[in-house]
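Dear colleague,

I am handing over the structure below, and after it you will find notes on what turned up when it was examined.

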Amino acid sequence: MPWLLLVIAGLFEVGFASCLGQAKLTEGATRIAWLIGFIACLTVSMLLLYKASQSLPIGTAYAVWTGIGAAGTALVGIALFKEPTDFWRLFFLFLLIAAIIGLKAVSR
């Protein structure tokens with residue numbers, strides 16, 4: 001269960017970063033709505049990270065949480081914000097995802 005909470009927390013981290021990306025592209029009430037989404041995702045992400053870290057080593061939990069957030073946000077950037085998809089960028093994203101899986105595999 002703590003691993004599932006951690007993965008969900010990482011996905012909410014992707015959500016709050018994506019909301020920030022959208023907020024900078026908008027104005028007025030729409031920007032405020034994206035910032036409210038940012039605060040909501042941030043709050044849920046932190047609470048789930050806290051809950052998961054009660055059962056998992058904090059170093060592992062934090063590394064996996066940030067890794068999911070970084071990889072997920074980069075993939076959202078590619079899909080929604082038309083960020084570059086050159087070989088090296090995709091190669092290192094793959095390595096990041098492999099490292100997250102590796103941490104899960106060697107953690108107790």
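Helix α4, with 20 residues, reaches 28 Å from its first C-alpha to its last, close to the 28 Å expected at 1.5 Å a residue (the expected span being 1.5 Å times one less than the number of residues; helices are DSSP runs of H or I with at least four residues). This is a predicted model, in which local features need pLDDT (the predictor's confidence in each residue, from 0 to 100) of at least 70 and side-chain atom pairs count only at 80 or more, while totals for chains, interfaces and linings use all residues. Residues are numbered from 1 along each chain as its sequence is written, and side-chain values use heavy atoms, with hydrogens and water left out.

At the N-terminal end of α4, D86 acts as a cap, with a side-chain oxygen 3.2 Å from the backbone nitrogen of W88.

W88 also forms an edge-to-face aromatic pair with F91, at 5.5 Å centre to centre and 85° between the planes (rings of Phe, Tyr and Trp, the last by its six-membered ring, pair if their centres lie within 6.5 Å, and planes under 30 degrees apart count as stacked, over 60 as edge-to-face and the rest as tilted). Because W88 and F91 are three residues apart in α4, about one helical turn separates them. Ring pairs link F87, W88, F91 and F92 into a cluster.

Finally, a search of the whole structure finds one salt bridge (a side-chain nitrogen of Lys or Arg within 4 Å of a carboxyl oxygen of Asp or Glu), and R89 forms it with E83, the closest N and O atoms being 2.8 Å apart.

With best regards

Methods: Helices (H or I, at least four residues) and strands (E, at least two) are DSSP runs, numbered from the N terminus. A polar contact is a pair of N or O atoms within 3.5 Å; within protein, one must be able to donate a hydrogen and the other to accept it, and residues adjacent in sequence count only if both atoms are side-chain atoms.
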